[in-house]
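Here's a short set of exercises to work through with the model open in your viewer. Try each task before you read its solution.

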Amino acid sequence: MEKQLRLSDFLPTTKKECELRGWDELDVILFSADAYVDHPSFGAAVIGRTLEAAGYRVAIVPQPDWHGDFRDFKKLGKPRLFFGIAPGCMDSMVNKYTANKRLRSEDAYSPDGRHDCRPEYPTIVYTKILKSIYPDVPVALGGIEASMRRITHYDYWQDKLMRCILCDSGADIIIYGMGEKPIIELSNQLAEGKDINSIHDIPQTVYLTKAEDIPGGIDEEKDIVLFSHEECLRNKKAQASNVRHLEEESNKMHAQRLIQEVDGKCAVVNPPYPPMTTEELDASFDLPYTRVPHPKYKGKRIPAYEMIKFSVNIHRGCFGGCAFCTISAHQGKFITCRSKESIIKEVKKVIEMPDFKGYLSDLGGPSANMYGMHGRNPKACEKCKRPSCIHPQICPNLDTDHSKLIDLYRAVDALPGIKKSFIGSGVRYDLLLHKSKDEKANQAAREYTRELIKNHVSGRLKVAPEHTSDRVLHLMRKPPFSQFGEFKAIFDRINREEGLNQQIIPYFISSHPGCREEDMAELAVMTKKLDFHLEQVQDFTPTPMTISTETWYTGYDPYTLEPVESVKTPREKLAQRQFFFWYKPEERAGIERELRRIGRPDLIPQLYDHAPAPYNSNSANKYGAKKKDGKNGESWKREGGKQGSWKQEGRQSSRKQDSWKQDSWKQEGKGYEGYKFEGKKKSFNPNFDTNNHRTRGSKPSQTSNKTTQYGSKPSQTGNNKKRNRRDY
Ligand code: SF4
């Protein structure tokens, strides 16, 4: 039975809503640059609900107008304790611009996808306004934008190094990472009457102070003194080295304090809290979220909410350590799982939603299959400095047992009202291929693989090999490409055995540090051999403070300080990107030209037959199509409007859905030997028909060229051990 929601079921956003709760004064006022969606995936809601549960009177002002007389900043008056800034689930610049610095088609976290609901750098803009109106009220920063700008960092959009964001904003403190514990401690200390300038002992916070005021002084043994901001401006190696320390200390069980001098003061980064316990995480997810946008939006579409409204997050943390991902510096590598009971409780709430049709869109987390995984010997983990538990090899101490996850999937699927639970998060296939010394874990991995493919794929399983060059993959901290082939062979075989016709959709990135045009040319050849017409691709976006970003900016690997080359100009980036689309006729001439320019004409016959490129004249090309009005590619016919089905003379794309040529993997691009799938067709996703074609009215995939809140797409890492495929 659908529960009728009242305005007072939401955190108040106006004076009137405060009065509904009988509040004439607020303890904390949060300013959010995202729309207020009362859901555990939205940061402002999590912090607001956490404070409410601790007995604080809290309100949220979502997307305040930062122009004119600042009435949105004044309408609730002055809080008793502090203002909190929640700049959004994504860095505002990543949210607004593409890798080529073009405006994205919409703002995923605003009603109707509108772009005019938030400023650039809301952390800075909101704080400056608040400090100008209420100079004596403390301002605390949170969210990805402040967390990932907590020391000197490269800003891609301004193309320069920027200081700790406390300097530019004028705020008093940053809470970095997941904020439930530090926000309560900060509120408690302020409620006790402490001055914000004296609060220096809360883990997972950053503050600015004079060197002589640092509690306990600077201890060369216990603290890590980073290169100063000024030194980083002079010396790129210093910047690279700093970011290595930041990543390491974000991923240690017992981290050290980081201190960086900036503008004559010190930015002090206190070590993070230990990972939350299951009970603590359950308590956060069990808060009384309504799980819907505030009624003020009157049913307007908030794109990010539409994507997650039927999904459930099962854990925090990720031990992949992908170099381009923000998560290692935000949530860290240790996994905290929700209990099965808490997850089931949330799934039941989803089932009760009026428009839920029985299909959970995701039962996952930062990655799909790390639930329940941890180090076997906790003492070894306590001393560990590795940023990744699975790169360059899977740590022998890591327990890769998938049993708990299988059990969870089956418990969810057994609920009345659930027709299918899909896994939309990125599957770490290296964990599935890993041969552990523990045979029980190996058996569970095989069972999980079949369970996943048979019951939890919505027609298309997204995985992230990210590249085909092992050298680039190593810089990304991803497993060798051969593992993707190995997994694909297993995927194909299980589909065949189960009478399914599902696809693997691989994600790739161009222009990552260390990636040369030649690597992209080889990627094109490899994906042609695999018969992939790529859809899910992106150009590398240097999001703040990732290892890849600092490598891209400084030109050095932060761990080895060895030089790494990167392409920087739009021309170079586009030259790399075009290789993704070797199958598009309009790209052929450019690709052939580039291959000759870089001295790899030998790859041309591997991509195209020997007929000349179709754009050299206005006459009919080899596929029988003519250029129209002298513009390349205009007259190419697209069949059914779907990608990868360009009609070519005498043959259709070999990627026909009903005879999808699957292949047995052969190493080193020596080719794929296909088999033809002739089995039953089946798709459980209501957005796809039985041929896995999108159904009328369903929306196209939104993931292409879009960076997630963690800065990138999900990913895999691991070693290159061979397995007996027949085990699965
Ligand atoms: S599992 Fe291995 S790599 Fe991961 S934290 Fe423990 S010891 Fe370190």
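**Exercise 1: Two unusual backbone angles**

R477 sits in the loop that links α19 (470-476) to α20 (481-498). This is a predicted model, so treat what follows as a reading of a prediction.

Task: Work out what is unusual about phi of R477, and whether R477 is buried or exposed. Then do likewise for S511.

Solution.
- Step 1. Start with the background: most residues other than glycine have a negative phi, and most peptide bonds are trans.
- Step 2. Phi of R477 is near 65°, which is positive in a residue that isn't glycine.
- Step 3. Now count neighbours. R477 has 23 other C-beta atoms within 10 Å, and the cut-off for buried is 20 or more, so R477 is buried.
- Step 4. Turn to S511, in the loop between β21 and α21 (517-529). Phi is about 60° here, again positive and again not in a glycine.
- Step 5. S511 has 25 C-beta neighbours inside 10 Å, so S511 counts as buried.

**Exercise 2: A peptide bond to check**

Task: Find which residue is joined to P392 by a cis peptide bond, and say where P392 lies.

Solution.
- Step 1. Look at omega between H391 and P392: the value is about 5°, and the bond is cis.
- Step 2. Place P392 in the fold. P392 belongs to the loop between α15 (378-383) and β18 (398-399).

**Exercise 3: The ligand's shell**

Task: List the residues around the ligand and sort them by character.

Solution.
- Step 1. Collect the shell: F319, G375, A380, C381, C384, R386, C389, C395, N397 and L398 surround the ligand.
- Step 2. Sort them. The shell splits into 7 nonpolar, 2 polar and 1 charged.

**Exercise 4: The sheet of 3 strands**

Task: Give the strand order of the open sheet of 3 strands, then find its edges.

Solution.
- Step 1. Read off the order, β20-β21-β22, with parallel pairing.
- Step 2. The edges are β20 (460-466) and β22 (537-539), since each of them pairs on one side only.
- Step 3. From one strand to the next, the twist averages 20°.
- Step 4. Zoom in on one pair: β20 and β21 (residues 503-510) are linked in the parallel sense by 5 bridges. In that pairing, K462 faces I505 of β21.

**Exercise 5: The sheet of 9 strands**

Task: Trace the open sheet of 9 strands, then explain why β8 counts as largely enclosed.

Solution.
- Step 1. The order is β2-β1-β3-β4-β7-β8-β11-β10-β9, and the pairing is mixed.
- Step 2. β2 (58-62) and β9 (223-225) are the edges. Each has a single partner strand, so one side of each has no neighbour in the sheet.
- Step 3. The twist averages 25° from one strand to the next.
- Step 4. Check the partners of β8. Strand β7 (residues 173-175) runs antiparallel to β8, and 2 bridges join them; I175 has T205 as its bridge partner.
- Step 5. With strand β11 (residues 265-269), β8 pairs antiparallel over 4 bridges. Y207 is matched with V268, and L208 stands opposite A267.
- Step 6. Finally, 4 of the 5 residues of β8 (residues 205-209) are buried, so the strand is largely enclosed by the rest of the structure.

**Exercise 6: Core and long-range contacts**

Task: Say how many residues the largest nonpolar core has, then follow the contacts of I29 and A86.

Solution.
- Step 1. Get the overall picture. The protein chain has 25 helices and 26 strands, and 48% of its 728 residues count as buried.
- Step 2. Recall that in soluble globular proteins, nonpolar side chains tend to be buried together.
- Step 3. The largest nonpolar core has 161 residues, and those with the most contacts inside it are V28, I29, L30, A59, I174, V206 and A267.
- Step 4. Beyond its neighbours within four places in sequence, I29 contacts A59, V61, L76, P79 and F83.
- Step 5. A86 lies in strand β3 (residues 82-86) and is buried, with 31 other C-beta atoms within 10 Å.
- Step 6. Not counting residues up to four places away, A86 touches several residues, including L30, F31, G43 and G142.
- Step 7. A86 and E145 are 59 residues apart in sequence, yet their C-alpha atoms are 8.7 Å apart.
- Step 8. Zoom out again: among contacts between residues at least 6 apart in sequence, 75% join residues at least 24 apart.

Key:
Residues are numbered from 1 along each chain as its sequence is written. This is a predicted model: local features need pLDDT of at least 70, side-chain atom pairs count only at pLDDT 80 or more; totals for chains, interfaces and linings use all residues. A residue is near a molecule or strand if its C-beta atom, placed from the backbone, lies within 6 Å of it. Ala, Val, Leu, Ile, Met, Phe, Trp, Tyr, Cys and Pro count as nonpolar, Asp, Glu, Lys and Arg as charged, and the others, Gly among them, as polar. Two strands pair if DSSP finds at least two bridges between them. Axes are lines fitted to C-alpha atoms, for helices over the stretch in contact, and angles run from 0 to 180 degrees between N-to-C directions. A residue is buried if 20 or more other C-beta atoms lie within 10 Å of its own, exposed if 12 or fewer, and partly exposed in between; C-beta atoms are placed from the backbone. Two residues are in contact if their C-beta atoms, placed from the backbone, lie within 7 Å. A nonpolar core is a set of buried Ala, Val, Leu, Ile, Met, Phe, Trp, Tyr and Cys residues joined through C-beta atoms within 7 Å.
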